[in-house]
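Welcome! Here are some exercises to work through with the structure on your screen, each followed by a solution in steps. Try each task yourself before you read on.

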Amino acid sequence: MTQYNHYIGGRSFEGESDRFGDVYDPARGIAKSQVRLATAGDVDAAVQAARTAFETWGETSVTARSRVMFAFRQLLVEHEDELAALISSEHGKTLDDARGEVVRGREVVEFACGIPQLLKGEYSDSVSGGVDSHTFRQPIGVVAGITPFNFPIMVPLWMHPVAIATGNTFILKPSERVPGASDLVARLYTEAGLPDGVFNVVHGDKVAVDAILEHPDIAGVSFVGSTPIARYVHENASRTGKRVQALGGAKNHAVVMPDADLDFAADHIVAAGYGSAGQRCMAISAVVAVGPVADALVEKIRERSVDLKVSVGTDPDAEMGPVVTAASRDRVVDYIGQGEADGATVVVDGRDLVVEEFEEGFFVGPSLLDGVTTDMSVYTDEIFGPVLTVLRVPTLEAALELINSNPYGNGTAVFTSSGEVARTFQRKVQVGMIGINVPVPVPMAFHSFGGWKDSLFGDHHIHGPEGVRFYTQAKVVTTRWPHVSEESLAQLNFPTAQ
């Protein structure tokens, strides 16, 4: 059985902990490896390694840092299949889905390769007599990332390439359920020429998280996960004076207007709702059918849902794999049952799915519930599984009111052929990321990712331009170079431009 240790100071690090967690193969329902769970002392060892590395890495030229990113990017290309296989085996998602995750994460590395351009400051000549001003940005120091199980490589890649390229040193605490990809990424960084201690991996549970939040030498924390934990991270890290960007949960709506192409909408809603077994913070989970469109839309989604191939992620025909744990499977099944008890109609029922030869796997099939109302738990809670719920409203205004009343504001979409509807929707909906006929509106790496309301705690979205700002702090310098023989013009009154 494989054992994952921490990766600190450019090498495998066992540390002082004797606690281990099991890492499961979700398709087979068996533990395939173990991961060491850090103590506070192990976290401190990572911080000390990062502090030492920061003394030189923070002063390394942007050109040299960019070259490391280019080399790292190439290694991600070369190891794409290996990374995808690791992700599929620990998470359960299909190989194609895992490859897509690697590619989308790599786009952030490509953004970070342009760090010489991204860190260019501003210059103002002659702001006063013989006085010039310019600005530049410097790294903030040792920073940490705490990431979820559902994207073992992409979400960490939203953080550490930008942090490292801007001159910081980084400590990653990935989900203990999926440690393999982070372990390989650490080794690829070393192979790319990144100095020891600039990137470190500490595996663990709440003990490691609390140690990160409390450590006085960590300057910033990035987090992606559930809303309760995002709030906890934000409150505790802020209390200790850290910068924090904490991305929380979601309840993403897809509004389908009467003028929409229903086949197009149904195809994309099924993909967005059931892809990765619904274990995406940007997954569509609530379909808002406007006016007379509902019956036809539900039937088209039903037809597509029952035909999906659910199997082990390495099956080349698989369209959806298992959920990550037995507890996750049981939780999804319970929500479907509660929705039915609350009065929803179970149009497609995935509770009793058994995959031949993988009977012990954590499988639950695609499920579709119609007649859902906003007071049902199947709507109010983030299920994080392959469950689509359909809510029926009479107008676009009612759809907007429904979405804006929800406490989450991560992503949303509208399917329509009307430019007027699209413009009204994108301006009035209270959500951070919006798709027009695009069900999963994850922005490209040169924009920033982040929601509104209870989907984000902190001032900065993640990666892109806001990521650069989060991991750096600005200085403005005002200079004068007078002739040494010139009479001093210093005055005690407040200075003004001459």
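The protein chain has 16 helices and 23 strands, and the model you are looking at is predicted.

**Exercise 1. Describe the overall build of the protein chain and decide how its radius of gyration fits the globule rule.**

Solution.
- Step 1: The radius of gyration is 25 Å, and the globule rule gives 23 Å for 498 residues. These values are close, so the chain is as compact as a globular protein of that length.
- Step 2: Along the principal axes, the C-alpha atoms fill a box of roughly 90 × 60 × 40 Å.
- Step 3: Of the 498 residues, 57% are buried.
- Step 4: Take the contacts between residues at least 6 apart in sequence: 73% of them join residues at least 24 apart.

**Exercise 2. Explore the largest pocket: how much space does it hold, and which residues are closest to its centre?**

Solution.
- Step 1: The space in the largest pocket comes to about 820 Å³.
- Step 2: Its lining has 33 residues, and those closest to the centre are P148, F149, R177, G225 and S226.
- Step 3: Sort the lining by class, and you find 15 nonpolar, 11 polar and 7 charged residues.
- Step 4: Now look for the elements involved. At least two lining residues each come from α8 (206-214), β11 (220-224), α9 (227-239) and α12 (326-341).

**Exercise 3. Check the span of α9 against what is expected, then find what its buried residues pack against.**

Solution.
- Step 1: α9 has 13 residues, and at 1.5 Å a residue it should span 18 Å. Its end C-alpha atoms are 18 Å apart, which agrees.
- Step 2: The buried residues of this helix are T227, A230, V233, N236 and A237.
- Step 3: A general point helps in reading that list. An α-helix has 3.6 residues a turn, so residues three or four places apart point the same way.
- Step 4: The partners of the buried residues of α9 are α8, β11, β12 (243-247), β18 (408-409) and β22 (456-458).
- Step 5: Following α9 is G241, with a positive phi near 85°.

**Exercise 4. Count the cavities of 30 Å³ or more, then say what lines the largest and the second largest.**

Solution.
- Step 1: The whole structure has 4 cavities of 30 Å³ or more.
- Step 2: The largest cavity has a volume of about 120 Å³. It is lined by 15 residues, of which G278, A283, S285, E382 and F384 are the closest to its centre.
- Step 3: By class, the lining of the largest cavity divides into 7 nonpolar, 5 polar and 3 charged residues.
- Step 4: The second largest cavity has a volume of about 50 Å³. Its lining is formed by R104, E107, V108, M154, W158, V442, P443, M444, A445 and H463.
- Step 5: Two elements, α4 (95-113) and α6 (154-165), give two or more residues to the lining of the second largest cavity. The largest share, 3 residues, comes from α4.
- Step 6: The classes in the lining of the second largest cavity are 7 nonpolar, 1 polar and 2 charged.

**Exercise 5. Place A277 and K453, and say whether each is buried or partly exposed.**

Solution.
- Step 1: Begin with the background. Most residues other than glycine have a negative phi.
- Step 2: A277 is not a glycine, yet its phi is positive, about 55°. K453, also a residue other than glycine, has a positive phi near 55°.
- Step 3: A277 sits in the loop between α10 (262-274) and β14 (284-290), while K453 belongs to strand β21.
- Step 4: The relative accessibility of A277 is 1%, so A277 counts as buried. For K453 the value is 28%, so K453 counts as partly exposed.

**Exercise 6. Find the surroundings of R137 and N437.**

Solution.
- Step 1: R137 lies in strand β7 (residues 131-139). With 29% relative accessibility, R137 counts as partly exposed.
- Step 2: Apart from neighbours within four places in sequence, R137 contacts L119, V468, R469, T472, Q473 and A474.
- Step 3: N437 is in the loop between β20 (433-436) and β21 (452-453). Its relative accessible area is 27%, so N437 is partly exposed.
- Step 4: Again setting aside neighbours within four places in sequence, N437 touches F264, V414, F415 and T416.

Terms used: Residues numbered from 1 in each chain as written. Predicted model: local features only at pLDDT ≥ 70, side-chain atom pairs only at ≥ 80, totals over all residues. Heavy atoms only, no water. 1 Å grid on protein atoms, 1.4 Å probe; cavity = no way out; pocket = protein on both sides within 12 Å on 5 of 7 lines; lining within 4 Å. Points joined across faces, edges and corners; volume = space filled by probe spheres on them. Helix = DSSP H or I, 4+ residues; strand = E, 2+ residues; numbered from the N terminus. Nonpolar A, V, L, I, M, F, W, Y, C, P; charged D, E, K, R; others polar. Expected span 1.5 Å × (residues − 1). Buried < 20%, exposed > 50% of the residue type's maximum accessible area, 1.4 Å probe, protein only. Contact = heavy atoms within 4.5 Å. Rg over C-alpha atoms; globule rule 2.2 N^0.38 Å.
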